[in-house]
Structure formats: structure tokens, C-alpha cells
Amino acid sequence: MFIYIIRRLNLFIITLLILTIVSFSILRLDTQLQWAYEPFWQGWFIYLQNLFSGNLGISSTGIPMSTEILKVFPATLELCFFAFLLSLVIGIPLGTIAGVRRGYPIDTIISSITLLGYSIPLFWLAMLLILLFSLNLGWLPVSGRYSLLYQFNHVTGFALIDILLSDKPYRMEAFFDAIKHLILPTIVLAMAPTTEVIRLTRASIAEVMTKNYIKVAQTKGLSTFEIVRRHGMKNALPPIIPKLGMQFASMMTFAMLTESIFNWPGIGRWLLNAIAAQNYIAIQAGVITVGGFILLANILSDVIGALVNPLVRKEWYAIK
């Protein structure tokens, strides 16, 4: 396992270095900065030293980019976490049902719904949900993270946690208000990964159900539910954990569009504003932050997948 982790860390470091070259090249596009006139590799080395010291640059207003990132990145993580959790809660059961009943009408229905959900444009779905639940029914807010009527200190950057940590007399009202603001963007952001979770789970369960140990369990008289619970899920989920981690990482790209539509104060909307303003310092800071997080999420999902799936470790040890 130690060898496996070392190899994944080496891949992480190499990829991260390539990412720093990309972000440094973006920074050199601004002719008003000294980086545009530095020799490339010499400037890149200095840029790396700044990154290692936590210096992502200074904005035109004199605020460090690291401070700006800490303000907006937790909002994106909070949204992605709940969207990913929703995709697992919906996707794994539906994918399991489709995999167990492969070829039956229920499998066709679930697969058709999955294909439809994957084909729906996010911006169209977002507008439709806003029109129905916000404008027509008035059940949910149109945009934002919470109502401006509530004021509380930002401690962790995660709205729900900060609200619960506050001592305001209206904190429970603010908590439920934040949940209402979270519902629509969570549903929209969870749409694409949910369809992928259903597809991955269905394929893995369907493959496991053809194994000999499943047939042995059937001859023992175990019900389908018991077989799936004891043997199916145990052997079907570990191989797809790395792919699920990639889905969580890819949500960062979908979050940019979702945050823009719902006016969610996350790093996605912040990056879009930086691109529109041609703020290259902010763009490179956002690229290195989001890219580094995606790489870290992929590495962690691979390691967790290897911990619960011994076959992966055997394959790596077999490589000389």
C-alpha cells in the first residue's frame, strides 16, 4: 500500500507542476506585471517559491488572493458536497435496482430517465426550476446563499456551520433560510453526477450478479435483497469509488455555471467575473486552487478505492 501511495503522490506532484506552468503562463499575459518580462523558467521558479509560501498574488485593491480564495472557495465546496451527497443517495439505489433487474422494464425505465437527465442542459433545468418553484409557487428563493436580513460572522466560510456557531437569536431561522437557498442549486448541480452514478453502479452490480458466488448464494435460498446487501454491494462499490471521486472533482466545472445562474458567491462565479474583467492575477489564483483541489480529490479517491479494493493493490504491485 505504501508503494501505491508513493506512486500516486509522484503523479500528483508531476501533474501539479504542469498546472503551475499553465497558471504562470496565464499570469504572463498581463503586460503590466513584472512576470511578463522575466525569463520564463527563472520567473516560473520564483513563482513556485511564492506558491509554496502561500502567496497567490495581490489584487489591484491590495487584498491578497489567498484571502479572496478563502472567502469564495468554501461556498463552492459546500454546494458541491450537498450535490454530491444527493447524487449518491439517489444514484446508488437506482443503479443497484437497474443492475439487479437488468433487461427488465424497470431497468429500461431507469436507463431512459438517466439518459434524459444527462441530456438536459443545466442552464435550461435551472431556469425551469426557478420559474416553477420560485416565481410561480414562491416556495424557494431565486438566488443567493442566504437572506441579507440575517447577519453573522464568517468563521469557517461554510454558511450552515457558521450560522450554527453564531449566538444570534435568529440563528435557526437563518439556518432554514440557508437550506432553502441551497435546494435549487444543489438539485441542478447534482443532475449530471447522479446520472453517472446510476450508470456506474448499474454496470458494476450487473457484472457482480453474474459471478459464481452470487449463484451459490442463490442456491442457498437467500432472497435477492440479502444477496445484494451481503455480496452485491460489498463487491460492486469498491471498483467504482475512484470514478465517483472523479465525478466529485468534475462538479467543480459544473459549479461555475450553476453559481452564475443562482448568484451563488462561490469560486466559480468569482472566476467568471475575473475572466470578464481580464484579471489575470485572479484567474491564475483560481486555476491553481481549483486544479489543485481536483487533483487532490482524484488522488484521495484512488487511495480510498485501493484501501477497500485489494485487487487494485495487486495490480500495482505486479507492475515492475
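Biologist: Which is the crossing of α5 and α9, left-handed or right-handed?
Modeller: This is a predicted model, in which local features need pLDDT of at least 70, side-chain atom pairs count only at pLDDT 80 or more, and totals for chains, interfaces and linings use all residues. Residues are numbered from 1 along each chain as its sequence is written, and side-chain values use heavy atoms, with hydrogens and water left out. A crossing is left-handed if the near helix is turned anticlockwise from the far one by less than a right angle, and right-handed if clockwise. In these terms, the crossing of α5 and α9 is right-handed.

Biologist: How many helices does the chain have?
Modeller: Helices (H or I, at least four residues) and strands (E, at least two) are DSSP runs, numbered from the N terminus. Read along the sequence, the chain follows the pattern α-α-α-α-α-α-α-α-α-α-α-α, and its C-alpha atoms fill a box of roughly 75 × 60 × 40 Å along the principal axes. The strand count is zero, and the number of helices is twelve.

Biologist: How does α5 lie with respect to α9, roughly parallel or roughly antiparallel?
Modeller: Axes are lines fitted to C-alpha atoms, for helices over the stretch in contact, and angles run from 0 to 180 degrees between N-to-C directions. Angles under 35 degrees count as roughly parallel, over 145 as roughly antiparallel, 65 to 115 as roughly perpendicular and the rest as oblique. Helix α5 (residues 122-136) packs against helix α9 (residues 224-262) with the axes 10 Å apart and at an angle of about 30 degrees. This makes the arrangement of α5 and α9 roughly parallel.

Biologist: How many nonpolar residues does the contact of α5 with α9 have?
Modeller: Contact means heavy atoms within 4.5 Å, and Ala, Val, Leu, Ile, Met, Phe, Trp, Tyr, Cys and Pro count as nonpolar, Asp, Glu, Lys and Arg as charged, and the others, Gly among them, as polar. On the α5 side the contact is made by L122, F123, A126, M127 and I130, and on the α9 side by F254, L257, I261 and F262. No polar and no charged residues take part, and the nonpolar count is nine.

Biologist: And how does α5 lie with respect to α7, roughly parallel or roughly antiparallel?
Modeller: The axes of α5 and α7 come within 10 Å, and they cross at roughly 150 degrees. This makes α5 and α7 roughly antiparallel.

Biologist: How many polar residues are there in the contact of α5 with α7?
Modeller: The crossing of α5 and α7 is right-handed. From α5 come L122, L125, A126, L129, I130, F133 and S134, which contact L184, I187, V188 and M191 of α7. Ten residues of this contact are nonpolar and no residues are charged, while the polar count is one.

Biologist: How many charged residues does the contact of α4 with α7 have?
Modeller: The axes of helix α4 (residues 105-119) and helix α7 (residues 171-208) come within 8 Å and cross at roughly 145 degrees, in a left-handed crossing. The residues that make the contact are D107, I110, S111, T114, G117 and Y118 of α4 and M191, T195, I198 and R202 of α7. By class, four of them are nonpolar, four are polar, and the number of charged ones is two.

Biologist: Where in the structure does L182 stand, buried or exposed?
Modeller: Buried means under 20% relative accessible area, exposed over 50% and partly exposed in between (1.4 Å probe, protein chains only). L182 is found in helix α7, and, not counting residues up to four places away in sequence, L182 touches L79, F82, L160 and W264. With a relative accessibility of 7%, L182 counts as buried.

Biologist: What relative accessible area does T186 have?
Modeller: T186 also lies in helix α7, and, leaving aside neighbours within four places in sequence, T186 is in contact with L79, F82, A83 and L86. T186 is buried, and its relative accessible area is 7%.

Biologist: How many residues of α11 are buried?
Modeller: Helix α11 (residues 280-308) has 29 residues and reaches 42 Å from its first C-alpha to its last, close to the 42 Å expected at 1.5 Å a residue, where the expected span is 1.5 Å times one less than the number of residues. This helix is largely enclosed by the rest of the structure, because the buried residues, out of 29, number 21.

Biologist: What is the phi of N263?
Modeller: Most residues other than glycine have a negative phi. N263 lies in the loop between α9 and α10 (267-276) and counts as partly exposed at 38% relative accessibility. Although N263 is not a glycine, its phi is positive, at about 55 degrees.
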